Structures are given as structure tokens and as C-alpha cells.
Amino acid sequence: MIAAKLAAMTDILDALRLLGMFMVTVIVGLLIHALVVLPIIFFAITRKNPYKFMQGLREAMVTAFGTDSR
């Protein structure tokens, strides 16, 4: 089914451009959610600086990604 769609494409570069724009849109949305929405919720509940809290998570995240068990 995917091969049929690829064969039917007339302009592959246009499809890749649209895919790239979709990827940029998703990444920007995730960044807004992680850096704006979630900190506002955290601050509203705890009345503490959310970015200071995120800095404390950095070492744990580096360890988590560094010890990925595949």
C-alpha cells in the first residue's frame, strides 16, 4: 500500500517539504507545551520556580538516556 502511494506521487520533493513542515510544527508544539504550558501548571500548583525544578531533572535525564537498555 505504501509502495503504491510512492509510485503514484508526481512530486516527491513537494511531499518531503510538507513532511518537513509537519515535523517542524510538531516539534514547535512540543516545545511550547514543555517550556510554557507545563511550567505554568507547575507554578500554579506549587508556587515554585518550574525552571529551577527542570534544572534539577537534567542529571536524571542524562543518566536515563545514557543507560538506555535496548
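**Exercise 1. Surface and burial**

Task: State the accessible surface of the protein and the share that belongs to carbon and sulfur atoms.

Solution: In this predicted model, the accessible surface of the protein is about 6600 Å². Carbon and sulfur atoms account for 73% of that area. Next, turn to burial: a residue is buried at under 20% relative accessible area. Of the 70 residues in the protein, 3% are buried.

**Exercise 2. Overall form**

Task: Set the radius of gyration of the protein against that of a compact globule of 70 residues.

Solution: Start with the reference, which is near 11 Å for a compact globule of 70 residues. The protein itself has 20 Å. Then take the extent of the C-alpha trace: along the principal axes it spans about 55 × 30 × 20 Å. For the charges, 7 are positive and 4 are negative, and their mean positions lie 15 Å apart.

**Exercise 3. Elements and confidence**

Task: List the elements from the N terminus on, and find which has the lowest and which the highest mean pLDDT.

Solution: The protein contains 3 helices and 0 strands, in the order α-α-α. Helix 1 (residues 2-8) has the lowest mean pLDDT, 81. The highest, 96, belongs to helix 2. Over the protein, pLDDT averages 92, and 99% of the residues score at least 70.

**Exercise 4. The aromatic pair**

Task: Classify the pair formed by the rings of F42 and F53, and place both residues in the chain.

Solution: A pair of aromatic rings is described by the distance of the centres and the angle of the planes. The whole structure holds 1 aromatic pair. The ring centres of F42 and F53 are 4.9 Å apart, and their planes meet at 20°. Planes under 30 degrees apart count as stacked, so F42 and F53 form a stacked pair. F42 belongs to helix 2 (residues 12-46) and F53 to helix 3 (residues 50-66), with the two 11 residues apart, so the pair links distant parts of the chain. F42 has 22% relative accessibility and is therefore partly exposed. F53, at 43%, is also partly exposed.

**Exercise 5. A loop residue**

Task: Locate R47, give its phi, and decide whether it is buried or exposed.

Solution: R47 lies in the loop between helix 2 and helix 3. Its phi is near 60°, a positive value in a residue other than glycine. The relative accessible area of R47 is 60%. The cut-off for exposed is over 50%, so R47 is exposed.

Methods. Residues numbered from 1 in each chain as written. Predicted model: local features only at pLDDT ≥ 70, side-chain atom pairs only at ≥ 80, totals over all residues. Heavy atoms only, no water. Helix = DSSP H or I, 4+ residues; strand = E, 2+ residues; numbered from the N terminus. Rg over C-alpha atoms; globule rule 2.2 N^0.38 Å. Buried < 20%, exposed > 50% of the residue type's maximum accessible area, 1.4 Å probe, protein only. Areas by Shrake-Rupley, 256 points an atom, 1.4 Å probe, with all protein chains shown as cover. Lys, Arg positive; Asp, Glu negative; His and termini not counted. Charge placed at Lys NZ, Arg CZ, Asp CG, Glu CD. Phe/Tyr/Trp six-rings, centres within 6.5 Å; stacked < 30°, edge-to-face > 60°. pLDDT = per-residue confidence, 0-100.
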